[in-house]
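Here is a short set of exercises to work through with the model open beside you. Try each task before you read its solution.

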Amino acid sequence: RQQSQDRDVHMHFRFLWDTYKVVLDVLKSNVRLEEVYHETARHAFEFCRSNQRPQEFKRLCEMLRKNYQELHKHTGKVPAHQVNPTNADTIMRTLETRCKQMQICTELDLWRESYVTATEIYELMSKSRPKPHLRSMYYEYLGQIFWKSENHLFHAFACLKNLQFVKAAKSNITKEELQLLASKAVLATLCVPFQKGSDIHASLELTTEGASSPYEKAKKHAQLFNVQTVPTRDSISQNLVEKGLLPLACEPCKKLFALIESDFTPLSLCQDAKPFLDEIMAGDIFDGKLVSYITPLKQTIFFRLMKQLSEVYANMTIDNFENAASIVPFSIAEKWMANAARQHGINIQINYSDKAIVFGAPRKVDMKSMRQPLIEIGLKLQQAMQRVAPEEQHRQEKLEKQQLSQNIVRRIE
């Protein structure tokens, strides 16, 4: 009996699915039934989502894509009864359907299909100005796509673009909604790994892989945001500060931003950041919508600390290291140290017999490695002198200028 019921349900599902396909095929080019076509497509989306049918949903996306492409094949004047793909209303209806399609793609974990849909939405938006809620929805789900692919740079850029757009376009937005968007943008930016010594444009542009190179892929991603240059961590954080978006975030996010983005990274970075991380981790802020950022944030803080330790210490005990890196247990810290050595170029070894961590290979101190730290110390001391004794500093500079001018006059004579 159970098998008979299952067979009946399957037959009904099959009949309903075939009905959707036939209706879409019949209505695909009739201008008078265009609205019915898009409504049927949205009903088919809901059918796939409610019954968890990812394979049928992929076939449905292919069918809609093929139907839209066939509208462009006709040359010359479009007949009165046929859908005109260049018509503004047609583009808008297609755009709304594609946005719904991208939403359900993310819910069904069809991330490759959702990225293809995002590229289609970008092309449609370039032909017609979308409604504000559709553009915001586009940035929101594009950010989810990049988060799933662990592309934190473009996830942060999507959060920034969404915040900027909503702040400018939506006049009736509540303070809580704006604060949530700003907090997400700040935390997403902090999750982006620090660039190595060279900039992304210099380090990735010189690869010989052609269109599959990381830089070419990054340029392709940037085009989805209608920008010509690839964003960087510095450019995103600079936008947050210069455009007054950072103050809109909640207090723990602002404190973390000040700690991590500081030029001088103290060895107590983990202890200083832990209360704010715990506050976000508790889930009381925005109903836990920021909790997913905690692990990447801890990794960013950990790698920042590792870089600082490798510059200050030659070695340290594991106990002291555990105290310094208190935000993660040592079992996780071991894995992250291996990643730091492989991805961030930090030379590190764990000596289990002596219970010690060794930073860098044994080598003589050369002036090349000391040059930059000495320059930074000199600049910091100069800034401190200007704050402590500005009059003395001004008098000294005036005296140096007088001596320089006297020397020039003496040489001329």
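**Exercise 1. A pair of cysteines**

Is C253 buried or exposed? Then decide what its sulfur does.

Solution. Please keep in mind throughout that this is a predicted model.
- Step 1: start with the accessibility. C253 has a relative accessible area of 0%, so this cysteine is buried.
- Step 2: look for a partner. The cysteine sulfur closest to that of C253 belongs to C250, at 3.3 Å.
- Step 3: apply the cut-off. A disulfide needs two cysteine sulfur atoms within 2.5 Å, so the 3.3 Å between C253 and C250 is too far for a bond.

**Exercise 2. Another cysteine, and the total**

Work out which cysteine sulfur is closest to that of C191, and how many disulfides the rule gives.

Solution.
- Step 1: C191 is buried too, because its relative accessibility is 2%.
- Step 2: the closest cysteine sulfur to that of C191 sits in C159, 9.5 Å away, which is too far for a bond.
- Step 3: for the count, the rule yields zero disulfides.

**Exercise 3. Around L190**

Find the helix that holds L190, then list what this leucine touches.

Solution.
- Step 1: L190 belongs to helix 8, which spans residues 175-191.
- Step 2: with 0% relative accessibility, L190 is buried.
- Step 3: set aside residues up to four places away in sequence. L190 then touches R233, L256, F257, I260, E261, L297 and T300.
- Step 4: for a longer view, take N315. It is 125 residues from L190 in sequence, and their C-alpha atoms are 28 Å apart.

**Exercise 4. Around A273**

Which residues does A273 contact, leaving aside neighbours within four places in sequence?

Solution.
- Step 1: locate A273 in helix 13, residues 269-281.
- Step 2: A273 has a relative accessible area of 0% and is therefore buried.
- Step 3: the contacts of A273 beyond its sequence neighbours are L256, L259 and I301. L256 is also on the list of residues touched by L190.
- Step 4: compare sequence with space. A273 and S326 are 53 residues apart along the chain, with 9.9 Å between their C-alpha atoms.

**Exercise 5. Positive phi in two loops**

Locate Q52 and D109, and give the phi of each.

Solution.
- Step 1: recall the background. Most residues other than glycine have a negative phi.
- Step 2: Q52 lies in the loop between helix 2 (34-50) and helix 3 (54-71). Its phi is near 50°, a positive value in a residue that is not glycine.
- Step 3: Q52 counts as exposed because its relative accessibility is 52%, and the cut-off for exposed is over 50%.
- Step 4: D109 is in the loop joining helix 4 (88-107) and helix 5 (111-127). Here phi is about 60°, again positive, although D109 is not a glycine.

**Exercise 6. A glutamate in helix 18**

Place E392 and say how it is covered.

Solution.
- Step 1: E392 is part of helix 18, residues 390-412.
- Step 2: a relative accessible area of 36% makes E392 partly exposed.
- Step 3: E392 and E279 are separated by 113 residues in sequence and by 46 Å from C-alpha to C-alpha.

**Exercise 7. The whole chain**

Describe the overall fold in numbers: what are the secondary structure, the dimensions and the charge?

Solution.
- Step 1: count 18 helices and three strands.
- Step 2: the C-alpha atoms fill a box of roughly 90 × 70 × 50 Å along the principal axes. The radius of gyration is 29 Å, whereas a compact globule of 413 residues would have one near 22 Å.
- Step 3: buried residues make up 39% of the 413.
- Step 4: of the contacts with a separation of 6 or more, 69% join residues 24 or more positions apart.
- Step 5: the protein exposes about 24700 Å², with 52% supplied by carbon and sulfur atoms.
- Step 6: there are 56 positive and 48 negative side chains, and the centres of these two sets are 4 Å apart.

Conventions
Residues numbered from 1 in each chain as written. Predicted model: local features only at pLDDT ≥ 70, side-chain atom pairs only at ≥ 80, totals over all residues. Heavy atoms only, no water. Helix = DSSP H or I, 4+ residues; strand = E, 2+ residues; numbered from the N terminus. Rg over C-alpha atoms; globule rule 2.2 N^0.38 Å. Buried < 20%, exposed > 50% of the residue type's maximum accessible area, 1.4 Å probe, protein only. Contact = heavy atoms within 4.5 Å. Areas by Shrake-Rupley, 256 points an atom, 1.4 Å probe, with all protein chains shown as cover. Lys, Arg positive; Asp, Glu negative; His and termini not counted. Charge placed at Lys NZ, Arg CZ, Asp CG, Glu CD.
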